[in-house]
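Here are my notes for you on this one, point by point. Keep the viewer open while you read, and click on each residue as it comes up.

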Amino acid sequence: MHARKDSLPASILASIRSRKKRLDAAHIEARPRSAGTLIASYNVHKCVGTDRRFDPERTSRVIHEIGADVIALQEADTRFGERTGILDLGRLERETGLIPVPVAGMAKAHGWHGNVVLFKKGLVHDVHQVKLPGLEPRGALVVEIELEEGGALRIIAAHFGLLRHSRAQQARTLVELINDRHEMPTILLGDLNEWRLGDRSSLNTFQSAFGELPPAVPSFPAGLPLLALDRIIANRKGIISEVEAHDTPLARIASDHLPIKALVDLKPVGGSHL
């Protein structure tokens, strides 16, 4: 029996067609970068690639490739015990200018429940560590930063759980937090682990705080991304550009997730997200 051509969701088919059209050579020409603050999210999968090799150096090279001004990492620490950090943050700072936002109470870990926020230029005003509900140890970092280009921005870097019920709880927790602090432009980014659409999706919870969500950008699995597990969404219209995956030969093998990225421009801010 032959499978019907429309047996896959339209978004997945579009992703496959788009992937086929892109260059798949070992070298991809870099496009000129537009003005603005480049933000990115990357689940580094504890620096274990799709070839099952543990290679922090390779992960750092992907981060270098992205060239972000602000980047949120997930799974940047070991999972158990003291959750020891596995990247050479000192070397990463020397080579990229990215420095980690400080978090309290972390003796050996890079971040909070594996979440790390790094930035190049600006001034960090406030950092909150949020423990997210659910059966798995999950968390979020809330960082308020004054951008060098001007304007204050709140970054919420999160990693949601694998269980649907937990994701629903975690989304509600962040929406309550955002509603209490709605005065500042806010960007939520990270691995939200949600591939469902429609009424069953935990992403629907965010619409009250963020309005209509941007189109999904497949980022998982890295070799042939079909699912949009990673997200960048803003609570103001027009402050982020179209989200895209950082799809390079190195990124396809360094983790099971592709990084995603977008440009931030706070100049359009001047009204409600609705």
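1. Let's start with helix 2, whose buried residues pack against strand 1, strand 2, helix 3 (89-96), helix 6 (249-254) and strand 11 (260-264). Those buried residues are Pro-56, Arg-58, Thr-59, Ser-60, Val-62, Ile-63 and Ile-66. Take a look at Gly-67 too: just after helix 2, Gly-67 has a positive phi of about 70 degrees.

2. Before going further, a word on what you're looking at. This is a predicted model, not an experimental one. The mean pLDDT of the protein chain is 84, and 81% of its residues reach 70 or more. Two stretches deserve caution. Residues 1-8 have a pLDDT below 50, and that stretch makes 3 contacts in the model beyond near neighbours in sequence. Residues 22-29 are also below 50, with 10 contacts counted in that way.

3. Now the overall picture. The protein chain has 6 helices and 11 strands. It runs to 274 residues, and 51% of them count as buried. If you take the contacts with a separation of 6 or more, 69% of them are between residues 24 or more positions apart.

4. How does helix 2 fit in with its neighbouring strands? Strand 1 (residues 37-43), helix 2 (residues 56-66) and strand 2 make a β-α-β unit, and a right-handed one. The two strands of that unit pair in the parallel sense, over 5 bridges. To find your way along the pairing, look for Tyr-42, which stands opposite Leu-73 in strand 2.

5. Strand 2 has another partner, strand 4 (residues 116-119), and here the pairing is antiparallel, over 4 bridges. A handy marker is Ala-72, which stands opposite Val-117 in strand 4.

6. Is strand 2 enclosed or open to the outside? Count the residues: 5 of the 5 in strand 2 (residues 70-74) are buried, so the strand is largely enclosed by the rest of the structure. Val-70, Ala-72 and Gln-74 point one way, while Ile-71 and Leu-73 point the other way, and all are buried. Notice that a Gln is on that list.

7. Now zoom out to the sheet. It is an open sheet of 6 strands in the order 3-4-2-1-11-10, and its pairing is mixed. Which strands stand at the edges? They are strand 3 (99-100) and strand 10 (244-245); each has a single partner strand, so one side of each is left without a neighbour in the sheet.

8. Next, try Leu-189, which you'll find in strand 8. Leu-189 counts as buried because its relative accessible area is 2%, under the 20% cut-off. Leaving out residues up to four places away in sequence, Leu-189 touches Ala-40, Ser-41, Ala-72, Ile-155, Ile-156, Ala-157, Ala-158, Arg-231 and Ile-232. Ala-72 should ring a bell, as one of the buried residues of strand 2. Take Ile-156 as well: Leu-189 and Ile-156 are 33 residues apart in sequence, yet 6.3 Å apart in space, C-alpha to C-alpha.

9. On to the aromatic rings. A pair of rings is described by how far apart the centres are and by the angle of the planes. The count here comes to 2 aromatic pairs. Phe-160 and Phe-206 form a stacked pair, with 6.1 Å from centre to centre and 25 degrees between the planes. This pair links distant parts of the chain, 46 residues apart: Phe-160 is in the loop between strand 7 (152-159) and helix 4 (164-180), and Phe-206 is in the loop between strand 8 (186-191) and helix 5 (207-210). Phe-160 is buried, at a relative accessible area of 0%, and Phe-206 is buried at 0% too.

10. Phe-206 also pairs with Phe-210, this time edge-to-face, at 5.9 Å centre to centre and 75 degrees between the planes. Both Phe-206 and Phe-210 are buried. Ring pairs therefore link Phe-160, Phe-206 and Phe-210 into a cluster.

11. One last thing to click on: Arg-167 and Trp-195. The charged end of Arg-167 sits over the ring of Trp-195, 5.1 Å from the ring's centre.

Technical notes: Residues numbered from 1 in each chain as written. Predicted model: local features only at pLDDT ≥ 70, side-chain atom pairs only at ≥ 80, totals over all residues. Heavy atoms only, no water. Phe/Tyr/Trp six-rings, centres within 6.5 Å; stacked < 30°, edge-to-face > 60°. Buried < 20%, exposed > 50% of the residue type's maximum accessible area, 1.4 Å probe, protein only. Lys NZ or Arg CZ within 6 Å of the ring centre and 35° of its normal. pLDDT = per-residue confidence, 0-100. Contact = heavy atoms within 4.5 Å. Pairing = 2+ DSSP bridges. Right-handed = clockwise from strand over helix to strand, strands pointing away.
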